[in-house]
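Hello,

Here is the structure I promised to hand over. Please open it first, then read on for what was found.

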Amino acid sequence: MSNNPIAMQSKKWIIDALLELMNRKAYHLITVREISSKALIDRRTFYRHFECKDDVLRLVIDDITTEYLNSIKGIAPTDTYTITKNFFEICFQNRDFINLLYRNNLMYFLLDKFYTNLPIIHAQVRSDEMSETLSQDMDYFWRIVWGRHSAASSRPHRGVVGSLEENKVAGARGAGAGADVVKPLGPQPPHVPAGMIDYPRN
């Protein structure tokens, strides 16, 4: 992101405008014209900073991802529990934004970014945990995440993000609950089936 204070302020106005609009209507119905009007800028200013509205979400997710990666880079090689704990702590701090993604079937933006950074996350795990169990550990992590989605779909007023302990319980219930999915606000995203990710090993 540019360090130009005027550019940074314009981007903040655009981000705030989009998120406010997402609280009122489905993401796929929001136009750049609406975002610009809400941010009190013209469309030329919008396109000076972003190519499309998806790029606005990506900028927010980049900031969240950087915050998470910094939180695990600043510690010695650790275990998968600590890495997972930090993940949910960051998600909880940004729960309003993440719940907006969830309500609009846009979680794949966040998860794609996470997949991209798996090698960095993997490098932070203690070498004595780099074994045949790593894949199982990471599968458990994703069962918590996706199980939370399933559990949250039956309680849309609660949202998808809670504390790590809440996510453990919800994940365990949701993974096998087969809860009905609430009607989406937008088009359904592509689904990443279990077992599609190759976990790196030493």
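Is I83 buried or exposed? I83 is buried, because its relative accessible area is 6% and the cut-off for buried is under 20%. The residue lies in helix 5, which covers residues 80–93. Far along the chain from I83 is a partner to look at: Q124, 41 residues away. The C-alpha atoms of I83 and Q124 are separated by 8.3 Å.

One caution before the rest. This is a predicted model.

**Overall picture**

The protein has 10 helices and zero strands. Read along the sequence, the pattern is α-α-α-α-α-α-α-α-α-α. There are 202 residues, and 45% of them count as buried. Now take the contacts between residues at least 6 apart in sequence. Of these, 69% join residues at least 24 apart.

**Helix 1**

Start with the length. Helix 1 runs over residues 5–22, which makes 18 residues. At 1.5 Å a residue, the helix should span 26 Å. Its end C-alpha atoms are 26 Å apart, so the expected span and the model agree.

Next, look at the start of helix 1. A side-chain oxygen of N4 comes to within 2.8 Å of the backbone nitrogen of I6 there.

Which residues of helix 1 are buried? They are A7, S10, K11, I14, I15, A17, L18, L19, L21 and M22. Several helices help to cover them, including helix 2 (32–39), helix 3 (43–49), helix 4 (53–73) and helix 6 (95–103).

S10 is worth a click. This residue sits in helix 1. S10 counts as buried because its relative accessibility is 8%, and buried means under 20%. Leaving out residues up to four places away in sequence, S10 touches T45 and H49.

**Helix 1 against helix 4**

Two packed helices are described by the angle between their axes and the distance between the axes. For helix 1 and helix 4, the angle is about 105° and the axes are 10 Å apart. The two helices are therefore roughly perpendicular to each other, since angles of 65 to 115 degrees count that way. Helix 1 brings K11, I14, I15, L18 and M22 to the contact, and helix 4 brings K53, V56, L57, L59 and V60. By type, the residues of this contact divide into eight nonpolar, no polar and two charged.

**Helix 6**

Helix 6 has these buried residues: F97, I98, N99, L100, L101 and Y102. N105 follows this helix.

**Two positive phi values**

Most residues other than glycine have a negative phi. Two loop residues in this model are worth checking on that point.

L40 is not a glycine, yet its phi is positive, at about 60°. L40 lies in the loop between helix 2 and helix 3. Is this residue, L40, buried or exposed? L40 is exposed, because its relative accessible area is 76% and exposed means over 50%.

N105 is also a residue other than glycine, and its phi is positive, near 55°. The loop that holds N105 joins helix 6 and helix 7 (107–116). N105 is buried, as its relative accessible area is 15%. So L40 is exposed, whereas N105 is buried.

Best wishes

Terms used:
Residues numbered from 1 in each chain as written. Predicted model: local features only at pLDDT ≥ 70, side-chain atom pairs only at ≥ 80, totals over all residues. Heavy atoms only, no water. Helix = DSSP H or I, 4+ residues; strand = E, 2+ residues; numbered from the N terminus. Expected span 1.5 Å × (residues − 1). Buried < 20%, exposed > 50% of the residue type's maximum accessible area, 1.4 Å probe, protein only. Contact = heavy atoms within 4.5 Å. Polar contact = N/O pair within 3.5 Å; in protein donor to acceptor, adjacent residues only side chain to side chain. Axes fitted to C-alpha atoms, helices over the stretch in contact; angles between N-to-C directions. Parallel < 35°, antiparallel > 145°, perpendicular 65-115°, else oblique. Nonpolar A, V, L, I, M, F, W, Y, C, P; charged D, E, K, R; others polar.
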